Amino acid sequence: MSDLYDLIVIGAGPGGYVAAIRAAQLGMKTAVVEREKKLGGTCLRVGCIPSKALLETTELLEKSRHQFAERGIIVHDVSIDLPKMMAHKDGVIAQLDGGIQGLLKKHRIDRHLGQGRLTGGGKVEVAGDTGITILDGKRILIATGSESTSFPGMEPDGDRIGTSTEALSWPEVPDHLVVIGARVIGLELGTVWRRLGSKVSVLEYLPRILPGTDSQIAHTAQKILQQQGIDFHLGTKVKNVSSDGKSCRVEIDGSEPVDCDRVLIAVGRRPCTDHLGLDQVGIETDQRGFVRVNSAYQTTATGVYAIGDVIGGAMLAHKAEEEGVACVEKLATGHGHVNYANIPGVIYTAPEIASVGATEDELRERGHEYRIGRFSFAANGRARAVGHMEGFVKIIADAENDRVLGVHIIGAHAGELIAEAAVAMEFGASSEDIARCCHAHPTLAEAVREAALAVDKRAIHS
Ligand code: FAD
Ligand code: NAI
C-alpha cells in the first residue's frame, strides 16, 4: 500500500520531530519514520534529558552531603537508591515521549515504526516488526542523527566498557571509573558518577580540557572540577582498552596502564547513515560520513534534504531543531535561516558553562581587535545569598563599534543566563545596550549587566 506525503521525515529526534510539526503547521501532509518505539531521538532517550535528570538528582545528593549542614539543615545518613534514581530518569523520558506522541497526533502527522531506507523516486521503505511498508513522498528529510563512536582497540563491550548510552544506566557505582575524552559527555557523566562515589580519572589526548571552549573558562572549569575530585590526565593518548568481565585495563601511549572498574568512552559521535540507502539514490557524504547539503539543506539527490547531527557541525539538539524549522520553512515559503554564529552551547557541570559567539582565542587568532568585560559571581548579591559564588561572566565586544562578539559564562544557572546574551547578539546589541537595560535585583543576571558595564571599565560592584 502506498501513501503520498508532501514530506517524509526519517528520524524523530529533536531535528526530525520539530521539522515534522513545523511542516504540518505549514499545511504539508507529513509522515515520520522512526525505528525506536520512543520518539525524541538521542536527545530524549539517551542524551540531553536522561543526562540532565541524573545531573540534577546527583546535585541534590551532593548538596545534601556538603551544603545543607552549613545552612543549619541537619540530615543523617544520606544515601542513594540507584534503581530509584534510574527509575525517576526513565519516568521523565516516558512522560516526554508521551508528550511528543501527543504533539504528532495533534498535528495529524502519521507515525511509522521501523527502519527507513531510501529506494529512489521519492519512496521510503519502512521495515517494521509487521513487515515492509512503502511510503511515497514529494520530499524526504533525513534527520537520522548520530551515535557514539570509538576507535580500534577502544570498543564498547556491552558490559564494563561503555559509551554514554550505557553510562546513563549502569547498575552499580564503579569504585574507579576511567573516562576517555574531556569534552561535554566526559565531564557531564564523569560528574554524575563522581557524585555517586566513584573515583573518576579523565584521560584526554589534547593538552587541555574542553577544546573549543574559551580557554580562560576551560582553565577555571578544570580547577573547579579538580577541587571537586575529578583527576585529569591531559596529553594522554589511549591505545587500548580491555576487560576480563570484572575489571578493565586502559593502555596509554608512553606511560603505565590504568586499571579500573569501568570505562566510559566519550571521544565523539558519528553520523547515523547505515542501511539508509544513500549510495543507491546518489547522496554524497563527506570524508567523515556526514551527509553533504547546500545552504537550503538539499542533499545531492533531488527532493531529499538533511538536517541535524547527520550533517555535522555542532552536535546540539537546538541546532538540529533550528535547521529542521529553517529547512521546512524554506520549502514552504522560500525563506528560512539559521544564524550559525549565534548558537549557544551549555555544559551542565556544576557550575554550568555556557557560551555564545566567538571565543577570545578565536578573535586573537583572527587579529580582530576586542575589549573584554568580566564580572565575578562572588560580587553578586543573589549568588552570595544562594551560595553559588564560583565563576564569572565574560563579555567580548568589538573594540571599534562595541558590538557584542561573544559571551562566556561559568557559574550557577549559566545555561539560563546565556539566553539573554543570545537574544542581545541576535539583535546586534552592543555591550552598552546590555549595560543600559534594567536587570531585576537580586538576580544572577545582574552579573551579565555588570560584565557589560565592565567592557567600558565602569562596573559598579567591582
Ligand atoms: P537524533 O536525536 O540522534 O535522532 C535521530 C533519530 O533517528 C533517532 O531516534 C534514531 O533512532 C532515528 N533513526 C536513525 N536512523 C534511522 C532509520 N534508518 N530509520 C528510522 N529511524 C532512524 N545536546 C544539547 O543540545 N544539549 C544537551 O544537553 C545534550 N546532551 C547530550 C547528552 C548525551 C549523553 C548525548 C549522547 C548527546 C547530547 N546532546 C545534547 C546532543 C543531542 O542529543 C543531539 O545533538 C541531538 O539529539 C541531535 O538531534 P537529531 O534530531 O539530529 O538526531
Ligand atoms: P567530543 O567530540 O565533543 O569530545 C571528544 C574528546 O575526546 C575530545 O576532547 C578529544 O580530544 C578526546 N579524544 C579523542 N580521542 C582520544 C583518545 N584516543 N584518548 C584520549 N582522548 C581522546 O565528544 P563527546 O564528549 O563524546 O560528545 C559528543 C557530542 O555530544 C558533542 O559534539 C556534544 O556537542 C554533544 N553533547 C552535548 C551536550 C551538551 O550540549 N550539554 C552534552 C553531551 C553531549
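These are my notebook entries on two ligands, one pocket and two single residues in this structure, which is a predicted model.

**Entry 1: surroundings of ligand 1**

I began by listing the neighbours of ligand 1. The shell holds 39 residues, and E34, T42, K52, G116 and A317 are the ones that come nearest. I then sorted the shell by residue class and obtained 15 nonpolar, 17 polar and seven charged residues.

Next I looked up which elements contribute. At least two residues each come from α1 (14–25), β2 (30–34), α2 (41–46), α3 (48–66), β4 (115–120) and α9 (317–333). I noted α2 as the element that gives the most, with five residues.

**Entry 2: polar contacts and cover of ligand 1**

I searched for N and O atoms of the protein close to the oxygen atoms of ligand 1. The side chain of R45 places an N or O atom 3.0 Å from an oxygen atom of the ligand. From the backbone, L316 has an N or O atom 3.1 Å from an oxygen atom of ligand 1. For C43, I recorded 3.3 Å between a polar backbone atom and an oxygen atom of ligand 1. I then checked how much of the ligand is covered: on its own, ligand 1 has 1000 Å² of accessible area, and the protein covers 95% of this.

**Entry 3: K319 in helix α9**

Since α9 had appeared in the shell around ligand 1, I looked up one residue of this helix, K319. Is K319 buried or exposed? I recorded K319 as buried because its relative accessible area is 2%, and the cut-off for buried is under 20%. I also asked which backbone atom lies close to a polar atom of the K319 side chain. I found the backbone oxygen of G312 at 2.6 Å from that polar atom.

**Entry 4: surroundings of ligand 2**

I repeated the listing for ligand 2. Here the shell has 24 residues, with R183, E188, E204, M315 and V346 coming nearest. By class I counted 16 nonpolar, three polar and five charged residues. The largest share, three residues, is supplied by α6.

I then went through the polar contacts of ligand 2. E204 has a polar side-chain atom 2.6 Å from an oxygen atom of the ligand. A polar backbone atom of V238 lies 3.4 Å from a nitrogen atom of ligand 2, and a polar backbone atom of A266 is 3.5 Å from an oxygen atom of ligand 2. Taken alone, ligand 2 exposes 850 Å², of which the protein buries 83%.

**Entry 5: the second largest pocket**

I turned to the second largest pocket, for which I noted a volume of about 780 Å³. Its lining consists of 27 residues; E59, K63, R195, A350 and H388 lie nearest the centre. Two or more lining residues are given by each of α3, α6 (184–196) and α7 (215–228). Which element gives the largest share of this lining? I found α3 to be that element, with eight residues. I classed the lining as eight nonpolar, nine polar and ten charged residues.

**Entry 6: F151 in a loop**

Last, I located F151 in the loop between β7 (146–148) and β8 (161–162). I entered F151 as partly exposed because its relative accessibility is 43%, which falls between the limits of 20% and 50%. I also compared its position with that of V267: the two residues are 116 apart in sequence, and their C-alpha atoms are 8.5 Å apart in space.

Terms used
Residues are numbered from 1 along each chain as its sequence is written. Chains are lettered from A and ligands numbered from 1 in the order in which they are written. This is a predicted model: local features need pLDDT of at least 70, side-chain atom pairs count only at pLDDT 80 or more; totals for chains, interfaces and linings use all residues. Side-chain values use heavy atoms; hydrogens and water are left out. A residue is near a molecule or strand if one of its heavy atoms lies within 4 Å of it. A polar contact is a pair of N or O atoms within 3.5 Å; within protein, one must be able to donate a hydrogen and the other to accept it, and residues adjacent in sequence count only if both atoms are side-chain atoms. Accessible areas come from the Shrake-Rupley method with a 1.4 Å probe; for residues, only the protein chains shown count as cover. Helices (H or I, at least four residues) and strands (E, at least two) are DSSP runs, numbered from the N terminus. Ala, Val, Leu, Ile, Met, Phe, Trp, Tyr, Cys and Pro count as nonpolar, Asp, Glu, Lys and Arg as charged, and the others, Gly among them, as polar. On a 1 Å grid over the protein atoms alone, a cavity is a set of points where a 1.4 Å probe fits but cannot get out, and a pocket is an open set with protein on both sides within 12 Å along at least five of seven lines; lining residues have an atom within 4 Å of a point. Grid points are joined across faces, edges and corners, and a volume is the space filled by probe spheres set on the points. Buried means under 20% relative accessible area, exposed over 50%, partly exposed in between (1.4 Å probe, protein chains only).
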